[in-house]
Amino acid sequence: MPKLNDSLELPCGVILPNRLLKSAMTEGLANTNDQATLRLSTLYRRWAQGGTGTLITGNVMVDRRFLERPGNVVIDGNGGEAALQDWAKAGTSANNQLWMQINHPGRQCQRQVSARPLAPSDVGIDLVGMFGRPMPMTEIDIRHTINRYAKVAATAKATGFTGVQIHAAHGYLISQFLSPLANIRSDQWGGSLENRARFLLETVAAVRAAVGDRFAISVKLNSADFSKGGFSHEDSLQVAQWLSDAGIDLLEVSGGTYEKLALMGDKSEDTSAESSQHREAYFLKYAEGIRNVTKIPLAITGGFRSLATMQHALDSGAMDVVGLGRPLCSQADVHPLLNGEQTSLPNWEKELRLGPGWLGPQSSNQKIRTLNFGAATQWYYRQIIDLAEGREPNTHTAVLRVMLKHMIAERRMAMNRVKLLTQG
């Protein structure tokens, strides 16, 4: 059975130096021109030198009009190639892999960025007024967007990144196309699963044509959306088979959307016979199903903290790579874990809860979960900023203070960006 320190050769010939993968986490560290910065280079050099074999960047967006959040890096005719080269050099400084995650938010575009985002259909998100109602994409919009993914992938390769990941999970644009709740189209892009998966599969084909056969392509896919009537695990199994046929090199399995926060271990809508809610490896049982239908190398992200659970997951044969996210925000160096000197990574989740009092006694559990998800996410953003600015992460900052500070900074960033784009 593989150990964490073992390498892994992917179908394209790329070799991962070990079985640890830093899953994508949005950084918010671009400048007002949506370009990479020195802070990103500093951050990824620390993670590279810390020993994680494969690093996946946070969202690099394909369209400057639509961002996941202010501070996203965008590749859309806005220059910044030299900064991308610096980022890639820093992020591969330990002879590790650095893959650029390519994304489009679809309807999950914050209102402060765009009040009328593009999406498969005119189906909005009911989430505390954060997002505007989307406009359905035309055939031209769809074709142009697929081409954008390919152009960004080509730029990633040209500037020194060693692979790309196409984000098809967590309710972003491709995930929206896959979902029968978000995609109510009646043309070739909607209806049957084959039609709903068309955008993803054509994007994979366009990216492969742009980067060639010897460049790593990963896809991040939901095991399920955990919403009644949404993208199901059975859908995921079929899409995984199609992705295998399409020749991808690594499938990262996750789950949920902003509305159903399974990506945070909350699968309250999961009615399957055996819930994995109390297990560290949130999505391991879903990966077992995917493993039965395809031999694509699999990475699982979500909940891993202990060395024993990581090794057990690898021993199960259901997965090949352990995905880590939040633990790497407060501990960039994983050499002690790889050497067996450390048995568990940091876990701050229990300390990062505001509770129902902040929303009043009539608040729904969903609103409370959303509030806690947002507060914890913003707390981890601060740890990322500490790493990016050369400091040790401050894990003692109160979550409410961090949340307020972050909201103010994010709003200021959005206003400065809008002002620059307007003047331009």
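Colleague: Which residue of strand 14 does Thr301 stand opposite?
Modeller: In this predicted model, three bridges join strand 13 to strand 14 (residues 321-324), and the two run parallel. Strands (E, at least two residues) and helices (H or I, at least four) are DSSP runs, numbered from the N terminus. In strand 14, the residue opposite Thr301 is Gly323.

Colleague: What is the mean pLDDT of the chain?
Modeller: Local features need pLDDT (the predictor's confidence in each residue, from 0 to 100) of at least 70, side-chain atom pairs count only at pLDDT 80 or more, and totals for chains, interfaces and linings use all residues. Residues are numbered from 1 along each chain as its sequence is written, and side-chain values use heavy atoms, with hydrogens and water left out. Of the residues in the chain, 85% reach 70 or more. The mean pLDDT is 87.

Colleague: How many contacts does the stretch 262-278 have beyond near neighbours in sequence?
Modeller: Over residues 262-278 the pLDDT is below 50. A contact means heavy atoms within 4.5 Å. Residues 357-363 also fall below 50, with six contacts in the model beyond near neighbours in sequence. For residues 262-278, the model has 43.

Colleague: Which strand pairs with strand 13 in the parallel sense and holds Val253?
Modeller: Two strands pair if DSSP finds at least two bridges between them. Here three parallel bridges link strand 12 and strand 13. Val253 has Ile300 of strand 13 as its bridge partner. The strand is strand 12 (250-254).

Colleague: Are the side chains of strand 13 buried or exposed?
Modeller: In a regular strand the side chains alternate between the two faces of the sheet. Leu298 and Ile300 lie on one side of strand 13, Ala299 and Thr301 on the other. Buried means under 20% relative accessible area, exposed over 50%, partly exposed in between (1.4 Å probe, protein chains only). Both faces are covered, and all four residues are buried.

Colleague: Which helix completes the β-α-β unit with strand 13 and strand 14?
Modeller: The unit is right-handed. That means that, with the strands pointing away from the viewer, the path from the first strand over the helix to the second runs clockwise. The helix is helix 9.

Colleague: How many of the ten residues of helix 8 are buried?
Modeller: Helix 8 (residues 284-293) is mostly covered. Its cover includes helix 7 (233-246), strand 12, strand 13 (298-301) and helix 9 (307-315). Among its buried residues are Lys285, Tyr286 and Arg291. The buried count is seven.

Colleague: Which helix gives the largest share of the largest nonpolar core?
Modeller: A nonpolar core is a set of buried Ala, Val, Leu, Ile, Met, Phe, Trp, Tyr and Cys residues joined through side-chain atoms within 4.5 Å. The largest has 100 residues, and those with the most contacts inside it are Trp47, Leu200, Val219, Leu243 and Leu251. A second, separate core of 13 residues includes Leu10 and Ala216. Seven residues of the largest core come from helix 3 (residues 139-158).

Colleague: What angle lies between the ring planes of Trp189 and Phe199?
Modeller: Rings of Phe, Tyr and Trp (its six-membered ring) pair if their centres lie within 6.5 Å; planes under 30 degrees apart count as stacked, over 60 as edge-to-face and the rest as tilted. Trp189 lies in the loop between helix 4 and helix 5 (193-196) and Phe199 in helix 6 (residues 198-211), so the pair ties together parts ten residues apart in sequence. Both residues are buried. The pair is edge-to-face, with centres 6.5 Å apart and planes at 65°.

Colleague: Why do Trp379 and Tyr380 count as edge-to-face?
Modeller: Trp379 is buried, with a relative accessible area of 1%. Tyr380 is buried too, at 4%. Their ring centres are 5.0 Å apart; the pair is edge-to-face because the planes stand at 90°.

Colleague: What is the phi of Asp34?
Modeller: Most residues other than glycine have a negative phi. Asp34 sits in the loop between strand 3 (20-22) and helix 1 (38-49), and is buried at 0% relative accessibility. Asp34 is not a glycine, yet its phi is positive, at about 65°.

Colleague: How far apart in space are His170 and Asn222, C-alpha to C-alpha?
Modeller: His170 lies in the loop between strand 10 (163-168) and helix 4 (173-178). His170 has a positive phi, near 60°, and counts as buried at 9% relative accessibility. His170 and Asn222 are 52 residues apart in sequence, but in space the C-alpha distance is 6.8 Å.
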